[in-house]
Amino acid sequence: MKNLISERVADFLKNYPPFNIMEGKLLEDLSQQVSIVYKEKGSLVFSLNEEAHPNFYVVHKGAIELNNPVTKSISDYCDEGDIFGLRPLIAKENYKLEALAYEESILYAIPIAAFRPITESDSRVSNFLTESFASNTRNPYNQAQKFERAGVATTINAQGNLVIDDFQPVRYSKKLVTCSPRTTIQKAAEKMTKNRIGSILVCDKELPVGIVTDKDLRNKVVTGSVPITSSVKSIMSAPVITYPQKITIAQAQMAMMKSDISHLILTKDGTANSEPVGVVSKNDIMVSLGDNPAVIVKAIKRAEKIKQIKELRKSIMMLLHGYLEQNLPMALTSKIISELNDTCIKQVIQISLKKMKSPPPVGFAWLALGSQGRGEQLLHTDQDNALVFEDVADEELPKTTDYFLKLSQKVTKGLHKIGYEYCPAEMMASNPKWCLSLKEWKNKLSYWIINPGPNEVLMSSIFFDYSLAYGERDLLDQMSEYIFSNVKKYPIFLVHIANGALQSPSPSGFFRSFLVEQDGQHKDFFDLKNRALRPLIDAARVLVLSHSVKGISNTWERYEKLAELEPNNKELYLACSYATKALLKFRTKQGLLHRDSGRYIELESLTKEEKMKLKRTFKAIKEIQEVISVRFKVANILG
């Protein structure tokens with residue numbers, strides 16, 4: 001008679017390493033010996049220095065927190081499919097950490113006595129467990145911080161300008177055309193002509209030994225120095241300079257300059273003793289540089305027509321695609337793409353100003369709002385912008401307003417041409433509601449803060465994520481000062497903003513299952529923006545506002561600042577910072593994949609790993625909402 005429980009255990013385990021590399025019969029036998037353990041939220045699985053259990057554990061449902069109660073530091077969170085409690089198996093010692101149920105959890109207890117023979121007979125299983133135990137790198141928060149500290153060299157200089165390192169991998173030709181050292185120069189030249197290439201790789205026993213280029217043919221053959229019937233060996237450049245495939249543009253440039261050559265050979269192991277896989281030429285580097293951010297910035301600034309900027313934005317999207325494929329840190333990717341997008345906007349405004357009949361009557365500032373204001377807009381989305389201009393005498397106000405409205409109409413039209421859709425709610429500077437003098441803006445801001453109804457809170461949530469896109473920074477600073485002074489006078493406003501931050505629906509339900517849309521066009525899809533990103537963005541905004549932090553509009557930078565301001569909540573804020581970046585990267589990838597905003601996710605299209613990555617961010621969302629609710633006493637205003 002079949003044991004349905006053990007079959008279900010085996011079906012689950014086979015999806016996760018190292019069980020997924022075990023033979024079916026072994027896994028079936030093991031599954032029959034697995035015990036199922038239920039843990040209530042907050043209950044211990046094992047404690048610090050506790051005697052080793054006869055099992056290690058796999059999380060089937062829920063989540064387990066591994067922490068050191070002495071140092072009060074969290075080492076890891078274990079999610080579905082994660083293994084923990086390996087110390088008795090690997091080191092045969094008592095536990096060095098405490099494991100408690102972060103959520104209501106179901107665990108599979110794997111008997112060590114039954115599993116040890118498997119590790120001894122299968123090095124793949126043994127190696128996986130040993131590396132997992134030794135590296136202790138499952139905590140994504142720690143990983144991300146370490147990666148960013150190591151991976152980001154210099155991105156912003158002291159003046160706040162972007163300084164971009166040339167870390168992109170170089171493009172190269174993978175279609176190799178080769179000949180032997182005994183091939184005649186004539187045959188080699190014919191082959192080059194037929195394949196329309198400027199060089200041919202000379203290989204002996206499938207290893208690269210030389211290269212012949214157009215330059216060799218011109219200098220050594222056409223001049224009569226070497227007859228065309230000679231072998232290529234007599235004119236080839238040798239030995240070849242070899243590198244591994246993952247070579248950056250900067251490395252390739254340096255190598256060519258150092259050796260005064262125009263071609264590099266890429267091989268499997270980077271040496272001339274392994275099979276060639278590609279050739280990098282100076283031309284390949286020039287093509288790669290075409291996607292270099294610094295080159296794109298220069299091209300944008302030189303653009304004199306909107307349609308030129310539109311073409312250049314295609315390069316920005318290609319760059320974004322490449323950065324995501326390379327898995328570069330999201331903070332760096334976002335900085336670069338945002339800087340490029342801002343450069344496009346500035347140039348559109350410059351071009352629009354030239355189209356006006358006269359220069360601006362007074363100073364003004366063009367404000368980016370919402371996701372663009374936060375520097376988190378990586379994909380083409382709607383426009384959200386506003387304009388503020390210096391105060392003028394009352395009799396001059398209509399005329400001045402008219403000038404800036406006409407300018408704004410040209411700018412928003414230009415932005416639309418380069419790929420930014422018009423805002424459906426017309427939250428754009430071309431709308432008279434959002435094109436105001438400083439005094440008018442102050443009046444509007446005061447009204448929102450003193451009368452925080454649902455609409456005012458919504459407006460505040462959009463407008464308070466602003467940044468300077470073009471113009472006078474002093475106008476922006478005056479607005480910020482005004483906002484902070486008014487918030488201090490009317491602290492109840494923060495409570496209403498906090499309440500607004502708690503209105504986003506939860507991302508997960510029972511056992512952290514995804515909560516999906518129940519009806520409408522996106523029925524059964526997961527709303528990544530509304531359920532996951534928005535709660536983090538809204539919480540960061542109200543917390544930063546409560547600390548009167550100026551000049552930081554980006555969400556993960558807000559959390560990093562909060563971690564400095566509140567060391568007791570440092571871990572949570574850094575977790576929120578990481579979660580924001582992870583979710584934004586996820587959304588951007590989905591958007592590029594499906595050529596949309598990436599907001600709605602079809603869960604069936606995700607891998608188990610992707611679902612788990614998403615779920616890991618949910619913990620931070622839940623915790624930060626709890627902090628907001630308690631700190632601002634939101635329940636009091638609702639009661």
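**Salt bridges and charged surface in the predicted model**

R541 and D465 form a salt bridge in which the closest N and O atoms are 2.7 Å apart. Because R541 is placed in helix 20 (residues 528-546) and D465 in the loop between helix 17 (454-463) and strand 18, this pair ties together parts that are 76 residues apart in sequence. In this predicted model, both partners are withdrawn from the surface: R541 is buried, with a relative accessible area of 5%, and D465 is buried at 0%. The two residues also belong to a network of salt bridges that links R374, E376, D465, D538, R541 and R558.

Among the 16 salt bridges that the structure holds, a further one joins the side chains of D527 and R599, at 3.0 Å from N to O. Since D527 lies in strand 19 (residues 526-527) and R599 in the loop between helix 22 (570-594) and strand 20 (600-601), the contact ties together parts that are 72 residues apart in sequence. D527 counts as buried at 2% relative accessibility, whereas R599, with a relative accessible area of 21%, is partly exposed.

A salt bridge within a single helix is formed by D29 and K25, again with an N to O distance of 3.0 Å; both residues lie in helix 2 (residues 24-31), four residues apart, or about one turn of the helix. Here D29 is partly exposed at 30% relative accessibility, and K25 is exposed at 53%.

Elsewhere, E390, D391, E472, D474 and D477 form a negative surface patch, of which E472, in the loop between strand 18 (467-471) and helix 18 (473-489), is partly exposed at 38% relative accessibility.

Notes. Residues are numbered from 1 along each chain as its sequence is written. This is a predicted model: local features need pLDDT of at least 70, side-chain atom pairs count only at pLDDT 80 or more; totals for chains, interfaces and linings use all residues. Side-chain values use heavy atoms; hydrogens and water are left out. Patches are made of residues with over 30% relative accessible area and no salt bridge: like charges are joined within 9 Å, nonpolar side chains (Val, Leu, Ile, Met, Phe, Trp, Tyr) within 5 Å. Accessible areas come from the Shrake-Rupley method with a 1.4 Å probe; for residues, only the protein chains shown count as cover. A salt bridge is a side-chain nitrogen of Lys or Arg within 4 Å of a carboxyl oxygen of Asp or Glu. Lys and Arg count as positive and Asp and Glu as negative; His and the chain ends are not counted. The place of a charge is taken as NZ of Lys, CZ of Arg, CG of Asp or CD of Glu. Helices (H or I, at least four residues) and strands (E, at least two) are DSSP runs, numbered from the N terminus. Buried means under 20% relative accessible area, exposed over 50%, partly exposed in between (1.4 Å probe, protein chains only).
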